[in-house]
Every structure is written in structure tokens, then in C-alpha cells.
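Here's a quick walk through one model, with most of the attention on its cysteines. Have the structure open as you read.

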Amino acid sequence: MLRALLLALAVAAAAAEKRKTYIVHMAKSAMPAEYADHGEWYGASLRAVSVAPKMMLYAYDTVLHGFSARLTPQEAEDLACVEGVLAVNPEARYELHTTRTPEFLGIAGAGGGAQGMFPQSGTAADVVVGVLDTGVWPESRSYDDAGLAEVPSFWKGQCMAGAGFNSSACNRKLVGARFFNKGYEAAMGPMDTDRESRSPRDDDGHGTHTSSTAAGAPVPDASLFGFASGTARGMAPRARVAVYKVCWLGGCFSSDILAGMDAAVADGCGVLSLSLGGGAADYSRDSVAIGAFAAMEQNVLVSCSAGNSGPGSSTLSNVAPWITTVGAGTLDRDFPAYVVLGNGKNYTGVSLYSGKPLPSTPLPIIYAANASSSTAGNLCMPGTLTPEKVAGKIVICDRGVSARVQKGFVVRDAGAAGMVLSNTAANGQELVADAHLLPAAGVGEREGMAIKSYVASDPNPTATIMVAGTQVDVHPSPVVAAFSSRGPNMVTPEILKPDIIAPGVNILAAWTGKAGPTGLAADTRRVGFNIISGTSMSCPHVSGLAALLRSAHPEWSPAAVRSALMTTAYATYSGGSPLLDAATGATGTPFDYGAGHVDPSRAVDPGLVYDISDAEYLDFLCALKYSTTMIAAVARSRDFGCAENRTYSVGSLNYPSFSVTFSTANGDGGESSAAATVTHTRTLTNVGGAGTYKVSTSVSGAAAQGVAVAVEPTELAFTSAGEKKSYTVRFTSRSQPSGTSGFGRLVWSDGKHSVASPIAFTWT
């Protein structure tokens with residue numbers, strides 16, 4: 001009786017203490033002999049500390065060994081002390097990072113390009129791209145399986161039935177669909193099934209857009225309201241697609257993401273695409289990094305979005321060196337709209353508005369800050385506009401805080417006739433088009449300031465908005481998107497991130513039938529394709545291109561594929577001038593674009609690659625001074641320890657780029673004038689024919705001019721494919737003020753191939 005009472009009190013106390021989801025990493029080899037399998041052991045370990053042992057959500061076996069469970073902080077602390085437990089980490093919440101691209105990338109030709117790079121499906125080179133996102137709209141024409149052979153025999157995935165989704169929804173193109181919601185519902189409570197589907201069905205549109213961008217089938221006559229009309233196709237149109245729904249209205253929870261990655265790797269995906277992120281964290285506590293490490297070990301390439309927190313520095317997500325981190329650039333396509341003022345001035349912006357146009361006669365125009373009693377009235381937040389002041393007028397709203405399309409809804413709801421959406425300093429001249437609910441145009445910061453100046457100075461200001469459709473061959477392009485997150489890498493400054501940029505602005509791809517193009521509840525329009533922007537869009541471009549390379553070169557490792565994409569990327573326009581940054585209009589840097597903009601037609605034949613083995617990544621963790629327990633958390637509890645008699649160096653990781661950090665402080669805490677030398681070693685693997693490569697280096701920026709770059713040897717001769725040659729680079733510099741940076745480039749060339757690596761110098 002007393003025991004029952006004590007147990008009841010313990011249950012009540014635990015219930016009073018708020019539970020959270022924790023990811024529990026277990027040492028697989030430490031399982032006691034009395035347990036028949038690891039699942040039984042995990043359950044016993046949980047029961048040892050929890051009065052509510054049914055709180056286990058998932059057991060993991062592929063991308064990590066362990067489980068996730070709902071625990072109180074005290075239970076989590078107790079569990080960390082249980083024999084065989086490596087780490088107990090709180091769950092993290094991730095957010096989504098939200099066509100002409102085949103032509104822009106040079107892979108649209110029927111006789112070559114994508115078709116020539118990608119063998120016919122049904123061969124040993126068949127590739128499945130696993131997309132972890134918001135699910136899929138299987139009725140989209142982008143998942144048509146016409147012309148595809150039977151699903152490859154290695155595929156072990158399944159098509160999970162659920163609300164509004166039958167197992168028959170999959171086919172030879174969409175070969176798998178699963179959903180993972182235990183972590184989401186444990187954290188947020190039961191989902192509202194009137195708003196989202198407990199199934200792989202995509203209620204949001206984001207997942208359908210990303211998966212069709214990566215590997216959608218060709219769809220002729222695709223467009224959004226006539227904008228961007230043409231054939232929409234994924235980067236790898238003959239690859240297979242498998243979707244893993246891990247993102248919901250309340251976000252993407254790491255327990256669900258790990259379960260999705262666990263399934264995707266076990267199912268047989270060759271590429272994983274994750275357009276989501278949760279900021280930068282130590283690798284031993286980063287669920288995506290941990291899952292990606294195991295995927296890499298099993299020969300799966302993981303491509304992730306860099307984040308949409310630019311243009312601020314050190315804003316990257318997904319920076320582990322075994323992840324391909326993708327930033328965003330623009331296309332050579334635009335959707336111009338013109339704001340014509342009463343003084344005769346004409347300013348160019350962008351718009352995807354397709355409804356009834358404004359009258360031909362100009363309308364009064366007003367700045368939202370002057371039509372509101374709110375201190376943030378300029379932002380056109382809900383409830384801030386005074387209807388009597390904006391009725392029948394065009395309203396100027398400043399970009400920021402709330403969604404761009406929501407501002408238009410607020411303006412329309414207040415009775416206004418149109419909207420000019422003005423960038424601020426945070427967005428500069430970057431223009432992102434939207435399918436607004438009223439006549440509207442987005443303009444750059446300079447244009448917005450000019451329009452607001454006119455409104456402030458004219459006693460009766462007027463304007464009109466004209467939407468002009470689709471324009472192609474826009475130059476310069478690409479430019480780095482202002483929203484694209486930037487380096488330096490705050491977790492490991494010696495690893496340059498992002499790795500690469502790809503198209504991520506105004507991208508046309510398939511869409512859900514559940515939501516309108518703006519995603520607003522008030523938007524009752526339904527479309528088959530939508531145009532949206534974000535590193536969420538650039539990531540699946542690279543995922544699809546990786547599938548192309550894996551099909552063309554099935555023997556390449558994930559590191560070799562990434563190397564081919566990076567070393568063949570371009571950082572200058574055809575005339576030789578450097579890529580520009582949309583945020584400033586000035587020259588971009590490797591902290592913005594990494595190795596440069598992806599160039600798949602060159603990546604298929606890179607000449608040389610920088611390959612990286614599993615053991616080299618473990619050495620990298622040793623160089624970071626990771627403990628045995630931390631390494632086990634990342635590398636799935638393997639029996640590995642750093643050698644005490646060996647010196648490890650981050651600069652020895654065989655990465656395709658260089659990030660060189662010089663210390664400016666002397667022993668007294670002041671600045672040293674002595675020269676500092678940082679040494680990096682690299683090994684190149686020949687994936688082409690015989691050839692002799694010679695090296696060249698260049699630097700840019702005033703600070704970098706004082707850096708001496710010495711490569712030894714300066715020439716590498718290869719006689720056969722698979723041959724490896726190593727070299728050493730010594731970077732020598734006198735001290736610069738802390739926080740200074742500079743850049744450079746190192747290129748090996750045999751006259752046919754140019755194997756280029758960006759260099760970033762930082763003085764700390």
C-alpha cells in the first residue's frame with residue numbers, strides 16, 4: 001500500500017514538472033547480454049529513471065543509436081548517468097528556409113545537358129532523392145512517372161497511408177512517402193486536423209516545391225498566372241523522389257527529423273535534401289549534423305539550406321563539414337512592375353499580381369506611417385492602418401517583421417487600392433516577387449526612398465502601378481540574394497561556409513492544392529505551380545544536381561560529389577568581374593557565396609576532386625578536441641578515441657576550400673607585429689585522364705595583399721584515374737587589426753580543367 005502511494009506521489013510530481021523531448025544517444029556496443037535487442041534495452045533504460053516509461057517517441061537505429069522520449073529535467077539528468085548512455089540532449093525546433101533554372105544552369109538540352117549526364121532509370125546508377133520537408137501533393141504533374149522503368153530493386157521505402165493520402169499515391173517517380181509527427185504533437189499538443197493532415201500530404205506547399213525542384217518530371221506549359229511560362233522540370237528529372245514529412249504548422253522538431261533521416265537512409269536514398277535549419281550549434285548537439293554524419297558514412301550525400309538570415313555576418317545554419325551547405329543567388333529572369341508617379345518619374349520594381357489592374361488615371365498615394373497611430377505603422381501590421389486615411393489610395397509599406405504578402409492583405413482589408421512595398425537597408429536592392437492579393441509592386445531601398453520623398457514633398461501626390469509580366473536575360477546574374485545567410489562559420493571558423501550558391505530567388509515549381517500561392521488563409525486561389533524564394537529553393541537545386549553526378553559517377557563518395565560542384569563553380573561573370581551582392585550592390589565574397597555559383601555542366605568532369613574518408617572526419621573531431629563521449633554522440637557510439645601521441649589539425653581536413661585564421665594577440669594580450677604562418681595540407685584524386693596540373697594563387701582586398709601564399713609542390717602529374725597527390729599551402733601574414741578579413745583563390749589547372757578553391761583570411 002505504501003509503495004503504491006509513493007508511486008502515485010512520484011507520478012503526480014513528475015506530471016507537475018513540465019516534460020520536454022530529449023534525444024538520448026546510446027553506446028550500441030554497451031548493451032548488456034540479457035537484452036534480446038536494442039529496443040528492449042532502450043525501454044529498460046527509460047524505465048530506470050521515468051515513472052512514465054510510455055513516453056518514448058522513437059527508437060533510432062540508422063543515423064544514430066538511441067531514442068527520443070518525453071522527460072522531466074530531473075529524469076534527463078538521471079538518465080545521463082545510466083550505464084551505456086552517451087548523451088541526453090534537449091530537442092531543438094527547426095524552421096523551413098523559404099522554371100527557368102535548367103536553362104540558366106546549362107542542363108536543359110535534350111541531346112546533352114541533363115539528359116546526357118543522367119543515365120536511363122533502371123540502371124545501377126538509379127538515384128532516389130529523399131526530401132525531408134512538409135510532405136507532397138502527389139497529384140501534381142511533376143510526379144508523373146511516364147517513361148520511367150520499374151522502381152529499383154534496392155529500394156526499401158514505403159508509401160504510408162493517412163488522412164487524405166492513399167498508399168496507391170506513389171508510383172515509379174514518387175517511390176516513397178512517410179510522415180513523422182510524434183515529436184511535434186508531444187511538444188505542441190494534438191494537431192488541428194482541420195488545418196493539417198496526419199499523413200504525407202502537403203498542406204503547406206513548401207515540400208512539394210522543394211521535391212519537384214530537385215527531381216520533378218518535365219511539365220510543359222507550367223506557370224503561375226502566366227508568369228514564368230514554360231516547361232517546369234527538376235534538376236534530375238529522371239531521378240526518383242521519396243518524401244519524409246517532418247515539418248508541420250508548428251515547425252520541424254529534431255526527434256521527427258532524426259526519425260525521417262533514419263528511415264530515408266535505411267530506405268535507400270542516395271541524396272538527402274533538407275531545406276530547414278535551427279541556427280548553428282556544436283556538432284555533438286546538432287541533430288541534423290549527427291544524422292548527416294551517419295548518412296555520409298553510408299554513402300549518402302546530405303544537402304542543406306544555409307538559412308535566410310542574411311545579409312548579416314555569421315548567420316549560417318547547417319555548417320558541419322560533412323554537409324553540403326547551400327546559399328542562394330538570383331536567376332536571369334525577373335517580373336517587372338512599374339510605379340509611375342504624378343511627377344512623371346518611373347521606378348521599376350517586381351510583382352506577380354495577376355488580377356484586375358488599377359485604373360489608368362493616377363490614384364492618391366500615402367506613406368503608411370502617415371496613415372496610422374501606431375509607432376510601427378510604416379510596416380503595415382494587422383490593425384495598424386486607419387481606413388479613412390487609406391481608402392481608395394495606394395499605400396507605401398516598409399518591408400520587415402511581417403510577411404510581404406500579409407502586408408498586402410492588411411492594406412486591402414483597410415480599403416486601399418494598391419501597395420508599394422519598399423525595401424529597407426536590411427534588404428537593399430534585392431527584389432523578391434510575390435503573388436499579391438491586390439495591385440502591388442516591391443521596390444528596392446533606393447526607389448522606395450525616392451517614392452517616399454516625392455510623397456512627403458508634393459501636396460497632392462499620385463501614382464499608379466503597372467505589372468509587366470516576365471522578363472528574361474536579366475543582367476548581371478546571378479547576384480547573391482540579400483536574405484542568404486553568410487559566414488564566417490561560428491562553430492568552426494577554419495571551415496569556410498556556405499559551400500556554394502544556387503538559384504533561390506523567384507523559383508517556379510509545383511505547389512499544393514491545399515493553399516493559395518501566398519499561403520495566407522484569406523487567399524482562396526489555387527495553383528499548380530508557385531514562385532517563391534529562399535535558400536529552401538537553392539538547396540534542392542544542389543540536391544538534384546548531386547543526384548545527376550551520382551548517377552553519372554556512382555563510384556564517387558559524397559565528398560567527391562561536393563568537391564566537383566565546388567571546384568567547378570564560378571565566382572566571376574563572363575567578363576571577369578566578381579559576383580555581386582544584392583544587399584549592397586558591391587562585390588560579394590566567399591563568406592557570401594562560398595566557392596561560387598554552381599556550374600553543373602563543368603562539375604560532371606572536374607578533373608580532380610578533394611575526397612574525404614570517414615576516418616578523416618573523425619580526425620577533424622579530434623582536432624576540435626572533442627572528448628570520446630562527444631565523438632561517440634556524432635559518430636554513433638563507435639569505439640574510437642583520439643591518439644594521445646598524435647597532433648591533429650583542422651587545416652588537415654581535405655576540404656575543397658580554405659579558411660585561414662590568424663591570431664592578432666601576443667602573450668600580453670596586445671597585438672603582435674610578428675609574422676604568423678598557418679599551414680594546410682590537401683590531397684587531390686584524379687577522376688579524369690592523365691595530365692599535369694600547375695597551381696596559381698591570387699588574393700583580393702587590402703588586408704590579403706600582405707599575405708604570402710606558398711604552395712609545395714607547384715606541379716602535380718597524374719598518370720591514371722584514382723591516383724592521389726598531396727600538397728601543402730603555407731599562408732604567412734603580419735598582424736592585422738582583429739576582425740579584418742581578406743580573400744583569395746587557389747587554382748590547379750591542366751589547361752582543360754580548372755580546379756578552384758576559395759580562400760578566406762580572418763584575423764582574430
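## Ground rules

A residue counts as buried when its relative accessible area is under 20%, as exposed when it is over 50%, and as partly exposed in between. Keep in mind that this is a predicted model.

## Domains

The domain assignment splits the protein chain into four pieces: domain 1 covers 18-90, domain 3 covers 336-467 and domain 4 covers 654-763, while domain 2 is put together from 94-114, 124-329 and 477-604. Going by C-alpha atoms, the centres of domain 1 and domain 3 sit 54 Å apart.

## A four-stranded sheet

One open sheet runs β11-β12-β5-β14, with antiparallel pairing. Its edges are β11 (247-248) and β14 (276-277), each of which pairs on one side only. Strand β5 (residues 93-96) meets β14 through two bridges, again antiparallel, and Leu96 has Leu276 of β14 as its bridge partner.

## The disulfides

There are four disulfides in the structure. Number the bonded cysteines of the protein chain in sequence order and the pairing reads 1-2, 3-4, 5-6, 7-8.

Take Cys159 and Cys170, whose sulfur atoms are 2.0 Å apart. The S-S torsion here is about 80 degrees, so this disulfide is right-handed. Both cysteines lie in the loop between β6 (128-133) and β7 (174-179), so the link ties together parts 11 residues apart in sequence. Cys170 has a relative accessible area of 17%, so it is buried, and Cys159, at 14%, is buried as well.

Cys247 and Cys252 are bonded too, with 2.1 Å between their sulfur atoms. Their link is right-handed, at 110 degrees about the S-S bond, and both Cys247 and Cys252 are buried.

The disulfide of Cys380 and Cys397 has its sulfur atoms 2.0 Å apart. The torsion about this S-S bond is about -85 degrees, so the disulfide is left-handed. Cys380 belongs to the loop between β20 (363-367) and α10 (387-390), Cys397 to strand β21 (residues 394-398), and the two are 17 residues apart. Relative accessibility is 0% for Cys380, which is therefore buried, and Cys397 is likewise buried at 0%.

## Cysteines left unpaired

Why does Cys269 have no disulfide? The closest cysteine sulfur, in Cys170, is 12 Å from the sulfur of Cys269, which is too far for a bond. Cys269 is buried, with 4% relative accessibility.

Cys539 has a similar story: the closest cysteine sulfur belongs to Cys304, and at 6.1 Å that's too far for a bond. Cys539 is buried, at a relative accessible area of 0%.

Definitions and conventions:
Residues numbered from 1 in each chain as written. Predicted model: local features only at pLDDT ≥ 70, side-chain atom pairs only at ≥ 80, totals over all residues. Heavy atoms only, no water. Domains from an automatic or database assignment. Pairing = 2+ DSSP bridges. Disulfide = S-S within 2.5 Å. Buried < 20%, exposed > 50% of the residue type's maximum accessible area, 1.4 Å probe, protein only.
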